[in-house]
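Subject: Structure handover and findings

Hello,

I am handing over the structure we discussed. Please open it alongside this note.

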Amino acid sequence: MTTPAKPTERPLPFSALPAASGLYDPRFEHDACGVGFVVDVTGAKSHDIVCTALGALCNLDHRGASGAEVNTGDGAGILIQIPDAFLREVTRFSLPPAGA
């Protein structure tokens with residue numbers, strides 16, 4: 001008695017998604033690099049948040065301002081709030097109202 005032949009597994013094309021399995025569902029896949037967020041949901045400002053965001057950026061090598069050329073980047077970075085109180089303390093000219 002012979003065993004039935006197994007269908008040959010062919011690798012998926014680069015753009016194909018695997019079938020849903022366990023906790024994985026391809027409906028939640030999206031093209032593009034996207035963005036990451038590091039926040040304190042209470043609105044607290046801290047140096048640790050900036051350090052964590054920089055660490056996340058560095059761990060995303062393809063978005064961490066490194067590209068095919070070692071001396072150029074793609075503009076990846078972090079966005080932080082304008083340090084209004086600090087700027088008011090160190091500037092010698094008047095500033096617009098906070099948030100303006």
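Below is what was found, from the overall picture down to single residues.

**Overall**

This is a predicted model. The protein has two helices and zero strands. Helix α1 covers 47–59, and helix α2 covers 84–90. Few residues are shielded: of the 100 residues, 4% count as buried. The protein exposes about 9600 Å². Carbon and sulfur atoms supply 61% of that area. On contacts, take those with a separation of 6 or more: residues 24 or more positions apart account for 18% of them.

**Salt bridges**

How many salt bridges does the structure hold? There are two. Side chains of opposite charge can pair when their charged atoms come close.

One salt bridge links Arg27 to Asp25. Their closest N and O atoms are 2.6 Å apart. The two side chains are also joined by a polar contact of 2.6 Å. Asp25 lies in the segment before α1. Is Asp25 buried or exposed? Asp25 counts as buried because its relative accessible area is 18%, and the cut-off for buried is under 20%. Arg27 has 63% relative accessibility, so Arg27 counts as exposed. This bridge therefore pairs a buried Asp25 with an exposed Arg27.

The other salt bridge is between the side chains of Asp84 and Arg88, at 2.8 Å from N to O. Where do these two residues lie? Both are in helix α2, four residues apart. That spacing is about one turn of the helix. Asp84 is partly exposed, at 26% relative accessibility. Arg88 is partly exposed too, with a relative accessible area of 36%.

**After α2**

Ala98 sits in the segment after α2. Which residues does Ala98 touch, beyond those up to four places away in sequence? Asp84 and Arg88. These are the partners of the salt bridge in α2. From Ala98 to Arg88 is ten residues in sequence and 9.6 Å in space, C-alpha to C-alpha. Even with these contacts, Ala98 counts as exposed, because its relative accessibility is 57%.

Gly99 is also in the segment after α2. Gly99 counts as exposed because its relative accessibility is 86%, and exposed means over 50%. Gly99 and Gln81 are 18 residues apart in sequence. In space, their C-alpha atoms are 9.8 Å apart.

**Before α1**

Tyr24 belongs to the segment before α1. What does Tyr24 contact, leaving aside neighbours within four places in sequence? The list is Leu17, Pro18, Ala19 and Glu29. Tyr24 is partly exposed because its relative accessible area is 26%, and partly exposed runs between the 20% and 50% cut-offs.

There is also a nonpolar patch on the surface. Which residues form it? Phe37, Val39 and Val41. Together they have about 420 Å² of accessible area. Val41 is found in the segment before α1. With a relative accessible area of 82%, Val41 is exposed.

**Where to look**

For a quick pass in the viewer, try these spots:

- Asp25 and Arg27, for the salt bridge with its closest N and O atoms 2.6 Å apart.
- Asp84 and Arg88, for the salt bridge at 2.8 Å.
- Ala98, for its contacts with Asp84 and Arg88.
- Phe37, Val39 and Val41, for the nonpolar surface patch.

Best regards

Note on methods:
Residues are numbered from 1 along each chain as its sequence is written. This is a predicted model: local features need pLDDT of at least 70, side-chain atom pairs count only at pLDDT 80 or more; totals for chains, interfaces and linings use all residues. Side-chain values use heavy atoms; hydrogens and water are left out. Patches are made of residues with over 30% relative accessible area and no salt bridge: like charges are joined within 9 Å, nonpolar side chains (Val, Leu, Ile, Met, Phe, Trp, Tyr) within 5 Å. Accessible areas come from the Shrake-Rupley method with a 1.4 Å probe; for residues, only the protein chains shown count as cover. A salt bridge is a side-chain nitrogen of Lys or Arg within 4 Å of a carboxyl oxygen of Asp or Glu. Buried means under 20% relative accessible area, exposed over 50%, partly exposed in between (1.4 Å probe, protein chains only). A polar contact is a pair of N or O atoms within 3.5 Å; within protein, one must be able to donate a hydrogen and the other to accept it, and residues adjacent in sequence count only if both atoms are side-chain atoms. Contact means heavy atoms within 4.5 Å.
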